[in-house]
Amino acid sequence: MKTIVKYVMLDLVKNKTIIVYAIILGLLSVSVLSMDSNSSKGILSLLNITLLFVPIIGILFSTIYFFNSIEFTELLLAQPIKRKTMLLAQYIAVAAALCIAYVLGVGIPIAIFYSGLAAFTLLISGLFLTLIFSALALLIFVLFKDKTKGIGAAIIVALFFTLLFDGLLLSFIYSFSEYPIDKPLLGLISLNPVDLGRILVLLQLDVAVMMGYSGALFKKFMGSATGSIYTVICMIFWIIFPIIMSARIFRKKDL
Amino acid sequence: MISIEHLTKSFSKFIALDDISLKFERGQAISLLGPNGSGKTTLIKSILGLVIPEKGKIEIDGKEIRSSWEYRSQIGYMPQIGRYPENMTVGQVIGMLKEIRRDCKKLDEELIAGLGIPGFLNKTMKSLSGGTRQKVSACLAFLFSPDILILDEPTAGLDPLSSELLKDKIAKERENGKLILITSHVLSDLDGITSDIVYLQDSKLMFYKSVDELKMSTGEQKLNKVIATIMQNQLPKHSNN
Amino acid sequence: MRVVIAFAVIVSVFQTTSCLSMGIKVYPTLNSLRNAISNAHSGDTLLLQNGIFKEHDLVVKKRIVLKGTVNSIIDGENKFQAFIVQADSVVIDGIEIRDIGRSSITDMAGIRIVNANFVTISGNRFVNNTYGIYLQNAERCNIIGNTIHSDFKDEVSGGNGIHAWKSNHLLVKGNNISGHRDGIYFEFVTESQIISNISFGNARYGLHFMFSHNDTYSSNTFKDNGAGVAVMYSRGVVMLNNDFLHNWGDASYGLLLKEITDSKIEHNHFIRNTVGIHMEGTTRVDVKQNLFQDNGWALRVQASCSGSNFTGNNFIGNSFDVATNGSLMLNLFDRNFWDKYDGYDLNRNGVGDVPYYPVSVYSVISEKIPSAMILYHSFLTDIIDKVEKVMPTMIPDKLKDDNPIIKKIAL
C-alpha cells in the first residue's frame, strides 16, 4: 500500500491541475488576507472560498483521476494486491495530494498573515472537506462504470452539497417555522459536510454568537465544546462511511 | 494448471460468457480467438480476478481463485491498452512494480534490455508513443518470471522488430514450461508460437483444439488459412441452427 | 495674572485654616466613627485616618464632611451597610468602603442616600459591595470620580454600582464601575447628567434606566457588559459621544431602546456589539453621526418604531447593517455612509446615484425565522443576497437610503 501511495503521489505532485489548484487557492488567499485588515473577516472570506472551491475541485479532480487511471488500476490488480488495498492506496494518494495543495494554497498564507485557533480550524475544516469529497469521488468511481456518467454524478453531488442542500434546508425552515425545528435542524445539518465545515469554523469565530441569537438550543450548541466535537465526529463519519461503502462495492465490481 | 468450469458472466442484460469450461496446462501457448465482443477479454479478466464470475469456478493449481489474491503472483499480465499515470517516468513505473513484487526473487529483465527500455527510463509516460508504452507493458508482464502469461493483443502497435523479439520471448518461455494465453487479431503473428486455439463466438466456446489437430483437419499450414477454412465450414452450419 | 495668584493664595490659606479649625481626626477604634458622627456639629469635617473601621449602619443626619485618606477603610464584614445619609449637603470623599452584606430583604449599599439633597459622593473606592451607591428620593446630588468594583458576578443576588430611584438633577461623573449587576441603574430619575463614566464587565447592563426622562448621557464608555445598555420607557433622552464597545454575547446589545420617545443619539461609537442598537416601540429618536463598526447587526429596528431619522452615520464592517421584522418602515435613512454600498456617483457630488438598501434578504428571513441563522455565511445566502440586490422584492421597499454618501463621513 505504501508503495502505491508513494508512486501515485509522485505522479500527482507533478499534475498540472493540482499545481494550478494550489496556485489559485494561494492567490485568492493572499488577496483576501491582504485586503481585510480584520482577521476575523479575512478568515470568513477564506471560509467562503474554501466552501466553494474545495468540494467542487476535490470531487471533480478525484473522480476524473480515478476514472483515468482505471487501466493502471487493472494492471496493478493483476499483481498480487488486495482490491481493498489498491482502492485505499489510490484514495490516500489523491486525497493527500489535494490536501497538500490546500495546505500550500491556504495554510501558508494564513501562517504568514495571522495564526490562531480560528485560522487553524479553517485549515482543518478545508482538509476535512478535501478528504470527504475525495471519499465521495471514490464512491462515485466504484458505483459508475462510465467516466462521463461519473463526472456528471460528481458535479451533481458537489452542487447538491454546496447549494441545493441549503436551499432545501431553507425551504424546510420556511415551511416548518411554526414548529420547534432547532433539533431536527442540527440533525439535518450533519447530513451536509459543507455545512459542517462552515459551522466548525464559525464556532471558532465570535460570529457564532449571532447564530446563538436565534434560540436556546443553538446557543447551547454553539456556546460549548459540544458543537465542535459533534461537528468533527460527523465529518469523520463522512470520510469513513463513503470509503467503507466504496471498498465493499469495489470488492464485487467488474473492471 | 488453470481449470475453468461452467464459467458464466453477464453484464446487466448482455451475456459475456456462457457456460465456458476449459483446462490449460503448462507448456501450452493458447490463442484466444473470436470476433469483437465474443468474450475474450472477459475470460482473461475473469482469470485475473478483475471480473467476478456469476456461475462456475476457476481453479489455478487446484485452488479456487474466488476472493483470493495471492495466486496472481504467478501471473504476468500485459493489457491491451497500457495507460499509466501520465507524470510517472518509465523508471518509476518499473520501480513501483518491483517494490510491489518484493516477493519475487527471480527478475527476468531480458525484455527490458532487448526492447531498449533503459534508453527512456527518465521519460514520463505521457511523452511516450503508444508502441513504446506497449513495450513497457510487455516488459512488466515478463519481469517477475511468472508461470502464467496473459497477453492481450501483445503485438498491436509494436514495430516489427520488437514484435519479433516479443514472439521469440513468448516461444522461449513456453519452452521453459510456462502457460501462455494470448489474444490477437493478427493471426499471422501467432503462427509458430501457439500450440492450441480457443475459439469463442457469441459468448460461447466454439472449439478448443490444438493447432496440429486443426492443421490436419483443414489441410492448411498457415494459421489464418486454418481459421478461415473453419469459419467457412462452420458459419453455414451455425446459421442453420 | 497677579490677581489670579493672589486669589489662589487666599483660597489655599482659607482652606488650611478651615481644616485646622474644623478637621476632626477619627482613628479606627471601637465605635470611634459612630461617636464622632454623633458628636459632630453641622459643618464639621471628620478626617478618617488610616485603618479599618469595622463600623456599620452609620446614619448621617447632619451636614458634615467625611473625608478619608489613602487607606481609611469601612468594612461591612459582608453583613452590614456603611453609611446612610439622611441630611442635605453631606460630603463623603476618599473613603474605601468594602464588603457590604447582601440580603434578600433590603438592598444593602455602601452609601445610601435617603431623602437628601446636594449630597456629594466623590473619590471613594467601593469594593465588593452589593450596591455601591444607592440614591433614594435624592435631588441635586453629585456622584463624582468613584471607583466601584465587585467581584461577585451574580446577576440574581448582586446589586448595582450606582442605583438611583426617584431622584432628579443628579450629576454622575467620572466614575469607574465594574463587576456589578448593572453598572448604573436609574428608575424615575429625571433631569440628570451622566458624564464620562466607564462602566464595564457588569453582569447585566452597563447602564440601565427606566422611566427616567430628560437625562443626558455623554462621553461614557460601556464595555464588555453582559447585555450592554438598556433604556426603556423614557423620553427626552440625550446620548452623546458615548462608546458602546464589545458587548458581545448571544443576548447582548450595544444599546437596547424600548419605548423611548423624542430622544437623540449622536456622535456615539458602537463597535463590536452583537447588536449596535436594538429599537423597539421608539418614537422620534434621532440617530445621527454615529459610528457603527464591526457589529453583528448595526441596527435592529422593529416595525413598531416610527419617526426616527438615521442620518450621517458611518456603517463599517457590520455583518448586517439593518434588520427589521416588518415590511413597513416608518423611519428615514438618509445620507449615511455604508461600506457595503456598491453603487456609483457619476456626477461626483459625493452622494451615490442609486439608493442603498441596507436590509439584506437573508437578514429579513433570519429575522422572521431565527433558525435560518444556521445558514449564516453559506454560499446559498450569499447568492440570495446578490440576486435580491438586482431585483428587490422581499425587503421593505421604504427601507433605503436615497442619498448614500460615497466616502466615510468625518465625525
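Two residues are in contact if their C-beta atoms, placed from the backbone, lie within 7 Å. Residues are numbered from 1 along each chain as written, and chains are lettered from A in the order of writing. The model is predicted: local features need pLDDT of at least 70, side-chain atom pairs count only at pLDDT 80 or more, and totals for chains, interfaces and linings use all residues.

**Exercise 1.** Determine which strands stand at the edges of the open six-stranded sheet of chain B.

*Solution.* Strands (E, at least two residues) and helices (H or I, at least four) are DSSP runs, numbered from the N terminus. Two strands pair if DSSP finds at least two bridges between them. The order in chain B is 6-7-8-3-9-10, with mixed pairing. Strand 6 (75-78) and strand 10 (204-210) of chain B each have a single partner strand, so one side of each lacks a neighbour in the sheet; these two are the edges.

**Exercise 2.** State how strand 3 and strand 9 of chain B pair.

*Solution.* Strand 3 (residues 29-33) and strand 9 (residues 196-201) of chain B pair in the parallel sense over four bridges. Within this pairing, L32(B) stands opposite V198(B).

**Exercise 3.** Describe how helix 1 of chain B lies on the sheet.

*Solution.* Axes are lines fitted to C-alpha atoms, for helices over the stretch in contact, and angles run from 0 to 180 degrees between N-to-C directions. Helix 1 (residues 40-48) of chain B lies across strands 3, 6, 7, 8 and 9 of chain B. Its direction makes about 145 degrees with strand 7 (148-152) of chain B.
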